[in-house]
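Subject: Structure handover and notes

Dear colleague,

I am passing on a structure for you to look through at your own pace. Please open it first, and then read the notes that follow beside it.

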Amino acid sequence: MSNAAVFVDAIARAHAHAPFLRLELERQSAVAAALAGGDVPAPAALDPAVAIGVALRRARRQEALVVAIADLAGAFDLTAVTTRLTAFADRALDVAIRAAIAERTPDAEPLGFTAIALGKQGSGELNYSSDIDPILLFDPTTLPCRPREEPEDAAVRIGRRVVELLQARDGEGYVLRVDLRLRPSPEVTPIVLPVDAAISYYESQALPWERAAFIRARAAAGDIALGQRFLDAIRPFVWRRSVDFGAVGEIRAITRRIRDHHAQGQRLGPGFDLKRGHGGIREIEFFAQVHQLVHGGRDASLRAPATRDALAALAAAGWIGADEAAALSEAYIFYRTVEHRLQMIDDRQTHSLPRQPDALDNAAQLGGWADGAALIADLAPRVATVSRLYDSLDPPESDALSGDNDVLAEQCARLGFDDAATAVQLIERWRGGSYPALRSPAARQALEAVLPALVAALGQAPDPRAALVRADAMLSRLPSAINFFRLLEARPPLAQLVATILSHAPPLADALGRRPELLDGLIDATAFAPVGSVEELAAEMARGEARDDYQSLLERARRVVGEKRFALGAQMVAGAADPLAVSHGYARVADAAIAVLAEATVAEFARAHGRVPDSELLILALGRLGGGALTQASDLDLIYLFTGDFAAESDGAKPLGAVHYYNRLAQRVTAALSVPTASGPLYEIDTRLRPSGAQGPLVVSLDGFARYQREDAWTWEHMALTRARPVFGSTAARAAVETIIADVLTAPRDRAKMIADATSMRVDMATHKPPAGPLDVKLSPGGLVDLEFAVHVLQLANGGVALDPDLDPAITMLAERDLAPAALGDAYRLLTRVLVLLRLVAPDSQPPSPPTRALIVAALGITDWDALVARLDATRQEVATMWASVSGGSHGGT
């Protein structure tokens, strides 16, 4: 069929089935002739010869006819239809605002009055016979007013005139229906609000559903800059980093209220409500908005206002399936197309299929179906798919837990609790409001909503009693429990993951108790992403904070460190990451924290005391941090140094001598890295490896450090120096200290004395610091300490070879020189993996419960616990033998 033919066919269907279009085709003969020839007229210019209201109504009639026929002919797809309808609405609203201001103050600029488009106008998806739902705002400082007129009165008069221009009906029809009820408290507020009052409302009093409404908000008409300022101000209200799942619950509650209120249109068939019916347009929109509210606070790419764009973004980010997005988008297009056909018939804002058979057949035939039955048959599979996907957002109904303790004990036993009495005792403690977070009625109501699913998830945990006890300890420390329970209610699979964490990882349970918002990372899966490079982590810690806002920067850095350490631990518990890779992640987080906090502290200290000319602070990491492989519980071994002349003085308002300056500065850096705050503790800092240990000054000059290492350092201090790594300081300063370290470690030394010193120290260590338990893979004979001693002795005894702070490549280099067996690398990696994992799940080094054993072997990729024990025994024997060979016969202190 030719282009003109499809338009002729569309016009014929319009004549036969749509009285409104038939009338307009007769009234607008020139437009009808153009359409019959296959041409689609552009939007009409407003006629300056008539009143503005008349001109707008005529323009709207032409748009209605052009869009309808182009739609019926297939020349416009849904996007083209809604884009053109929305563009007309924006234009008409803007013209009405300018006209209303000009009528009152002819010479004034049309400033200080803006319209925020919500709903389908805001998202560019306006339907054929839709009303618009703007929020009208004004700025009292810029709004044009008549003499002696208050801005508030002027704004309301302008708003009324805008509505009159758009809604008034005469022989030319109308322009747009206007609904102003989406503004704050519409029953008591004026139709136009001061912009600052509106901002205050949304920041402090807004209802949860209003967050969803503002996903589609847009400054559409009037003073666009003013509208954008308003939207920028309330963006944190809409897109929250820490999600309030009460908002998600409110959206689902709105759906249930809609179904109840429009009960007659819920079921597919004659009278079915395409917009509000079960499986209809509103459920597609809400499906997208629920996921946007959950994840959009952290991912700006998900903030698309239009429904189909939002579904595509959610699928691209992996939050919904590509097949789900495709099915919902296809259904959305189909529904909206049918909806437009219904509205074209009489230019009525209707969303329901006609109930009368003749009327239903007529609507279907306008759209190209044979009859109403064929239309309903095409709707049926789409309604079923949308219903199923939207209903999946609701967690399955759970049986309430009884208030009778005997019955509750039976329920707990069925759910997997061998010790049902303890479970009942703890549940009753929660219900009784024993903890501050559970004392409000709202908190207890939220508890009851989630309690069946939470207890069921804990009952499925490998160790239900331990999980419940840790949950109790966590709840006892929560400042507020309402959002925590809402999180679990909104995401049932999360309850299972939380139960696993509570069962196995006390440090993570403690972190959740201090900061329940850490759960956000588990919800949106950011906790399972790689933690990034040191540079990326440092940028994240410093992001968004003014460089002169020292306390805010410190708090943000601490918050990010807590999030990353929790995430790394969660990755191990979930079996999603190699413990060895996690240990490197822990070290990168620490490196970044040192870089950010030290830089900020140096700058803050310089505000009062200036800087020491030609001098700077330098920080060396040693031990596990130096080697780039930390555990959850590792402290940070640091040495503070400074470059330049020790006799110099700082140049600030309160000058200090260099030695005093850097000792005080280092104390500040230590405090920044270690003082607990509301975001939790950071690190324990150990500076005892500095020259002269605890008896020496906290900071020494680089020259003093070099002299001490050459002339006074003990053998064990040179062994520690093999893992030294500069983590703060300029490139030149780092290179200078690396040269000093290399010179010290490669200097000639008495091999026999060095070995004897190392052996003696290892015996002393074993005497004063015995293994904590049978699984202490660090201190037990043949453990990591023996391995480290063997490596360091081999490095120093052979002239400072194979020097690398990371033991893994250092061992490889020793093996390449035939100084150590290649199997020593396998031993290091196994012992390190076990150490990192056990510090999280069995920090007492005692054999854990069977369920935790299962987690450990799964994380290590070993078949079962007995196989792990056998491998550890064999590995420790190999390391003990190696240490005996290197040390001349002494096993680690035995």
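A polar contact here is a pair of N or O atoms within 3.5 Å, where within protein one atom must be able to donate a hydrogen and the other to accept it, and where residues adjacent in sequence count only if both atoms are side-chain atoms. By that rule, the side chain of Glu717 makes a polar contact with the side chain of Tyr708, at 2.8 Å.

Before going further, please keep in mind that this is a predicted model, in which local features need pLDDT of at least 70 and side-chain atom pairs count only at pLDDT 80 or more, while totals for chains, interfaces and linings use all residues. Residues are numbered from 1 along each chain as its sequence is written, and side-chain values use heavy atoms, with hydrogens and water left out.

The chain as a whole

The chain holds 38 helices and eleven strands, where helices (H or I, at least four residues) and strands (E, at least two) are DSSP runs numbered from the N terminus. Its C-alpha trace spans about 110 × 70 × 60 Å along the principal axes. Of the 894 residues, 56% are buried, a word that stands for under 20% relative accessible area, with exposed meaning over 50% and partly exposed lying in between (1.4 Å probe, protein chains only). Among the contacts (heavy atoms within 4.5 Å) with a separation of 6 or more, 72% are between residues 24 or more positions apart.

Glu717

Glu717 is found in helix H31, which covers residues 715-721. Which side chain of opposite charge is nearest to Glu717? That side chain is Arg690, 9.6 Å away, and Glu717 is buried yet has no salt bridge. For this purpose Lys and Arg count as positive and Asp and Glu as negative, while His and the chain ends are not counted, and a salt bridge is a side-chain nitrogen of Lys or Arg within 4 Å of a carboxyl oxygen of Asp or Glu. A polar atom of the Glu717 side chain does lie 2.7 Å from the backbone nitrogen of Trp714. If neighbours within four places in sequence are left aside, Glu717 is in contact with Arg690, Ser692, Tyr708 and Asp712.

Salt bridges

Side chains of opposite charge can pair when their charged atoms come close. How many salt bridges does a search of the whole structure find? The search finds 45.

One of them joins Arg218 and Asp90, whose closest N and O atoms are 2.9 Å apart. This pair links distant parts of the chain, since Arg218 belongs to strand S6 (residues 218-222) and Asp90 to helix H5 (residues 78-104), 128 residues apart. Arg218 is partly exposed, at a relative accessible area of 24%, whereas Asp90 is buried, at 15%.

Arg104 and Glu149 also meet in a salt bridge, at 2.3 Å from N to O. Arg104 lies in helix H5 and Glu149 in the loop between strand S3 (135-138) and helix H7 (151-167), so the pair ties together parts that are 45 residues apart in sequence. Both Arg104 and Glu149 are buried.

In a further pair, Arg833 bridges to Asp578, with 2.7 Å between the closest N and O atoms. Arg833 is in helix H36 (residues 823-841) and Asp578 is in the loop between helix H26 (550-573) and helix H27 (579-609), so that the pair links distant parts of the chain, 255 residues apart. Arg833 counts as partly exposed with a relative accessible area of 23%, and Asp578 counts as partly exposed at 30%. Elsewhere, Glu24, Arg27, Asp47, Arg58, Arg61 and Glu172 are linked in a network of salt bridges.

Two helices

The expected span of a helix is 1.5 Å times one less than its number of residues. For the 15 residues of helix H10 (residues 224-238) this gives 21 Å, and the end C-alpha atoms are 20 Å apart, which agrees. The buried residues of H10 include Leu226, Phe230 and Ile234. For H26, with 24 residues, the expected span is 34 Å and the end C-alpha atoms are 35 Å apart, which also agrees. H26 is mostly covered, as 19 of its 24 residues are buried.

With best wishes
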